[in-house]
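Q: Got a minute to go through this one with me? I'd like to start with the aromatics and then move on to the strands.

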Amino acid sequence: MGKKWPSGFPGINWLSRQEEEAVTDVVRKGALFRYYGPQSPTHVNQLEEYACTFYGVRHALAVNSGTGALFTAMSALGIGPGTEVIIPAFMWVATVTAVIQNNAIPVLCEVDDSFNMDAGDLEKNITERTKLIAAVHMAGTPCDMDAIMRVAERYNIPVLEDCAQCNGGSFKGRKVGTFGKVGMYSLQINKNVTAGEGGLLVTDDERLYTRLVAAHDLGVPWKQGLPDETGEVYFWGQGRRMGELAGAVANVQLHKLPQVVAHMKASKQHIKDKLAKNKGFSFRRLNDPDGDTGPFLILTFDKESHAVRITQHLTNGGIENVFHLSEYGLHIYHNIRSLVEKVSLSPAGNPWSLSQNADSVFEYGKGACPTSDDLFERSVIITIPSRLTTEQERQMIQAIGDAVVDTVTN
Ligand SMILES: Cc1ncc(COP(=O)(O)O)c(C=O)c1O
């Protein structure tokens, strides 16, 4: 390929003096801790306030990572022994980890040709022990939240929306993360906007918010800069506060999210429009094309061998971050060895051996989700960097088009 491409780290390509100035402000004031310090800290608070406006929610809580956000949310929701959490076959290991760390049992659910949770299969997996549905908006694109919420409401089960990979996305005009009981976003370096590390939790539920604040830190909520030791909420916290340095960067980046998404979406649409004339593959079905955030393209072929060869072809041709979906690491359930082998959290064998979990016995090896397996085998995922030039888009179109013709047609 020609000129070096922008990195596949979307928010990084948009870093500017604004982030530098925000960080400098924190250092100059020595106000590194979010709740108090030599001068009043402001950045994490501002981030949370802006997040409420941006997502259109009553409460937002910044935490130290997306994984931390998941742990915090599940703990605050009371996920523990004797409960099952439904998770799609295409996700990231962190979502499963949060279930296991809370001593609950993960239950896999098929994805459909949108590569997001299949609401029909979700319903089939519900038991009397199902206490949470983890809807993961994967690879930049929203789930069908109408269908998922219909099932959740029918059985009165809360939904946690994992929006780590779809920050700024929406479904039918409403931001992802605001349909369920609680939504989370990651600010890790691969995500649409970033502070290197960080996470956000959003909810409209006042009581849950208080529990989230308590769970993320001390087990009791903070009130006016002090731990509130006398209120109704007291249990166990996790030490997952966001620091002011991360908050300063995250706040600036969150303000840039619409631009980042608009650029990636436009590149993706351009690439798709030009590739549409090629035969031999289909594009991922989008539940709401307007709500897509654009960082990935998924192509599905008739045969696995085509997907494997296209991946090699593109990688050899210099396109970065192309994967045969079956081999997309810890995003695919059957690649998570600790899950497949049911590795325990401690020598006691928990969560698998807990008596409360005795009725929740599931298998997680390849074959557990055959419809998803088939889709993963025949598909390729390609990163769309967040600041491609028109010339780079053209190169990408050419490279993918040539790979398809060589592999499928010849
Ligand atoms: C779907 C999904 N959930 C959760 C996470 C965890 O976020 P973090 O890396 O910020 O802990 C990630 C990202 O890594 C992710 O892709």
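**Rings and strands**

A: Sure. Phe33 counts as partly exposed, because its relative accessibility is 25% and the partly exposed band runs between 20% and 50%. Keep in mind that this is a predicted model.

Q: And Tyr35, buried or exposed?

A: Tyr35 is buried, at a relative accessible area of 15%; the cut-off for buried is under 20%.

Q: How do the rings of Phe33 and Tyr35 pair?

A: Edge-to-face: the centres are 6.1 Å apart, with 70° between the planes.

Q: What about Tyr55 and Tyr185, why is that pair stacked?

A: Their planes are at 15° and their ring centres 4.1 Å apart, so the pair is stacked; the planes have to be under 30 degrees apart for that.

Q: Where do those two sit in the chain?

A: Tyr55 belongs to helix 2 (residues 43–55) and Tyr185 to strand 8 (residues 182–186). They are 130 residues apart, so this pair links distant parts of the chain.

Q: Are they buried or exposed?

A: Tyr55 is buried, with 4% relative accessibility. Tyr185 is buried too, at 0%.

Q: How many aromatic pairs are there?

A: The count comes to 16. There's also an aromatic cluster, formed by Phe90, Phe115, Phe323, Tyr328 and Phe376.

Q: Which charged ends sit over rings?

A: Arg174 is one of them: its charged end sits over the ring of Phe179, 4.4 Å from the centre. Arg211 has its charged end over the Phe235 ring, 4.3 Å from the centre.

Q: OK, strands now. Is strand 2 mostly covered or exposed?

A: Mostly covered. Strand 2 spans residues 84–88, and five of its five residues are buried.

Q: Which way do its residues point?

A: Glu84, Ile86 and Pro88 point one way, while Val85 and Ile87 point the other way. All of them are buried, Glu84 included.

Q: Which strands does strand 2 pair with?

A: Strand 3 (residues 105–109) is one partner, parallel, over five bridges. Ile86 stands opposite Val107 there. Between the two strands the chain passes through helix 4 (residues 93–101), making a right-handed β-α-β crossover.

Q: And the other partner?

A: Strand 4 (residues 130–136) also pairs with strand 2 in the parallel sense, over three bridges.

Q: What's the bridge partner of Glu84 in strand 4?

A: Thr130.

Key: Residues numbered from 1 in each chain as written. Predicted model: local features only at pLDDT ≥ 70, side-chain atom pairs only at ≥ 80, totals over all residues. Heavy atoms only, no water. Buried < 20%, exposed > 50% of the residue type's maximum accessible area, 1.4 Å probe, protein only. Helix = DSSP H or I, 4+ residues; strand = E, 2+ residues; numbered from the N terminus. Pairing = 2+ DSSP bridges. Right-handed = clockwise from strand over helix to strand, strands pointing away. Phe/Tyr/Trp six-rings, centres within 6.5 Å; stacked < 30°, edge-to-face > 60°. Lys NZ or Arg CZ within 6 Å of the ring centre and 35° of its normal.
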